[in-house]
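Work through the exercises below with the sequence and model open. Each task is followed by a stepwise solution.

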Amino acid sequence: MTTTSAVRTDQDIQRDVLAELDWDAQTRPTEIGVTVADGVVTLTGQVDSYARRWAAERCAHRVRGVRAVASDLEVQLPVADERTDADIAIAASRALEWDSFVPAERLDLTVADGWVMLRGQVEYGFQRRTAERELRRLRGVRGVTNLVEVRPPTPPSDEQNRRDLQRLLFRRTGTERIEVRVSGDTVVLDGVVRRWWQREEAERAAWATPGVREVHDRLVVAG
């Protein structure tokens, strides 16, 4: 038996992105404009923090049928949230030092006009993402550029990484419908899962794979 999924129109996607923004407590949908063309979502408007901009982008990515997200959101900080670059640098350094999953001693920070540049080396992709997450939450930050490299002590082969990740995904999600491809520092996830938690768990597992710097999550949720 063959099952055909209904094609999602741009109007369907736009409606669902707006609904997702309205549902998420971290976003203010009245501040954000949403347009969709050929499955590509464009976000426009002004938000009062980089954390809120990132949350809006994540909302759009979560919607079924979205091919890509172009964010033209401008971060306009309230006067009360403005900080000097020196203040931001101190707060950022402390945030990284306090997170036990981040090797802060391997990372370098530069702040210019509220924009944080992060450089250095870590062993796992999740450490790179965790460091960025800590920074984008800070008051006064207008944006983050993450140039941290992922370099494991002994890089495993692509095939070894693929096999290990495939087994891990089966243990955690209980499905064999996830296809894994590994090429150097990039993992691509394809296939169909029944629940959102399975997709999110697959992405977390991919980021924890040694040497991975980039994950392309193409999984479709179809209950």
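**Exercise 1.** How are α3 and α4 oriented to each other? Classify the pair, then describe the contact.

Solution. The model is predicted.

Step 1. Take the geometry. Helix α3 covers residues 85-98 and helix α4 covers residues 125-136. Their axes come within 9 Å and cross at roughly 140°.

Step 2. Apply the cut-offs. Angles over 145 degrees count as roughly antiparallel, and 65 to 115 as roughly perpendicular. The crossing of roughly 140° fits neither class. α3 and α4 are therefore oblique to each other.

Step 3. Add the hand. α3 and α4 cross in a right-handed sense.

Step 4. List the contact. Ala-92, Ala-95 and Leu-96 come from α3, while Ala-131, Glu-134 and Leu-135 come from α4. By class, the contact has 5 nonpolar residues, no polar ones and 1 charged.

**Exercise 2.** Which residues of α1 and α2 meet? Set the packing geometry out before you name them.

Solution.

Step 1. Locate the helices. α1 spans residues 10-23 and α2 spans residues 50-62. The two axes come within 9 Å, with a crossing of roughly 135°.

Step 2. Classify. α1 and α2 are oblique to each other. The crossing is right-handed.

Step 3. Name the partners. From α1 come Val-17, Glu-20, Leu-21 and Trp-23. They meet Ala-56, Cys-59, Ala-60 and Arg-62 of α2.

Step 4. Sort by class. The contact of α1 with α2 holds 6 nonpolar and 2 charged residues, with no polar ones.

**Exercise 3.** Which residues have the most contacts inside the largest nonpolar core? Trace the neighbours of one of them.

Solution.

Step 1. Size the core. The largest nonpolar core has 36 residues. Val-17 and Val-41 have the most contacts inside it.

Step 2. Follow Val-41. Set aside neighbours within four places in sequence. Val-41 is then in contact with Ile-13, Val-17, Val-34, Thr-35, Val-36, Ala-60, Val-66, Ala-68, Val-69 and Ala-70.

Step 3. Look for another core. A core of 17 residues lies apart from the largest one. Among its members are Leu-168, Val-193, Ala-205 and Trp-207.

Step 4. Recall the general trend. In soluble globular proteins, nonpolar side chains tend to be buried together.

**Exercise 4.** At what angle do α5 and α6 pack? Then inspect two residues of α5.

Solution.

Step 1. Get the geometry. α5 and helix α6 (residues 196-207) pack at about 145°, and their axes are 10 Å apart. The crossing is right-handed.

Step 2. List the contact. On the α5 side are Leu-165, Leu-168, Leu-169, Arg-172 and Thr-173. On the α6 side are Trp-197, Gln-198, Glu-201, Ala-202, Ala-205 and Ala-206. The classes are 7 nonpolar, 2 polar and 2 charged.

Step 3. Check Thr-173. Thr-173 lies in α5, which covers residues 158-173. Its relative accessible area is 7%, so Thr-173 is buried. Beyond four places in sequence, Thr-173 is in contact with Ile-178, Trp-197, Gln-198 and Glu-201.

Step 4. Check Arg-162. This residue also has its place in α5. At 26% relative accessibility, Arg-162 is partly exposed. Leaving aside neighbours within four places, Arg-162 is in contact with Val-180 and Val-182. Arg-162 and Val-182 are 20 residues apart along the chain, yet their C-alpha atoms are separated by 5.8 Å.

**Exercise 5.** Is Arg-136 buried or exposed? Find its contacts.

Solution.

Step 1. Place the residue. Arg-136 lies in helix α4.

Step 2. Compare with the cut-off. Buried means under 20% relative accessible area. Arg-136 has 8%, so Arg-136 is buried.

Step 3. List contacts beyond four places in sequence. Arg-136 is in contact with Tyr-50, Ala-51, Trp-54 and Val-144.

**Exercise 6.** Where do Asp-38 and Asp-113 lie? Give phi and exposure for each.

Solution.

Step 1. Take Asp-38. It sits in the loop between β1 (32-37) and β2 (40-47). Asp-38 is not a glycine, but has a positive phi of about 55°. Relative accessibility is 59%, so Asp-38 counts as exposed.

Step 2. Take Asp-113. It sits in the loop between β4 (107-112) and β5 (115-122). Phi of Asp-113 is positive, near 55°. With a relative accessible area of 67%, Asp-113 is exposed.

Key:
Residues are numbered from 1 along each chain as its sequence is written. This is a predicted model: local features need pLDDT of at least 70, side-chain atom pairs count only at pLDDT 80 or more; totals for chains, interfaces and linings use all residues. Side-chain values use heavy atoms; hydrogens and water are left out. Axes are lines fitted to C-alpha atoms, for helices over the stretch in contact, and angles run from 0 to 180 degrees between N-to-C directions. Helices (H or I, at least four residues) and strands (E, at least two) are DSSP runs, numbered from the N terminus. Angles under 35 degrees count as roughly parallel, over 145 as roughly antiparallel, 65 to 115 as roughly perpendicular and the rest as oblique. A crossing is left-handed if the near helix is turned anticlockwise from the far one by less than a right angle, and right-handed if clockwise. Contact means heavy atoms within 4.5 Å. Ala, Val, Leu, Ile, Met, Phe, Trp, Tyr, Cys and Pro count as nonpolar, Asp, Glu, Lys and Arg as charged, and the others, Gly among them, as polar. A nonpolar core is a set of buried Ala, Val, Leu, Ile, Met, Phe, Trp, Tyr and Cys residues joined through side-chain atoms within 4.5 Å. Buried means under 20% relative accessible area, exposed over 50%, partly exposed in between (1.4 Å probe, protein chains only).
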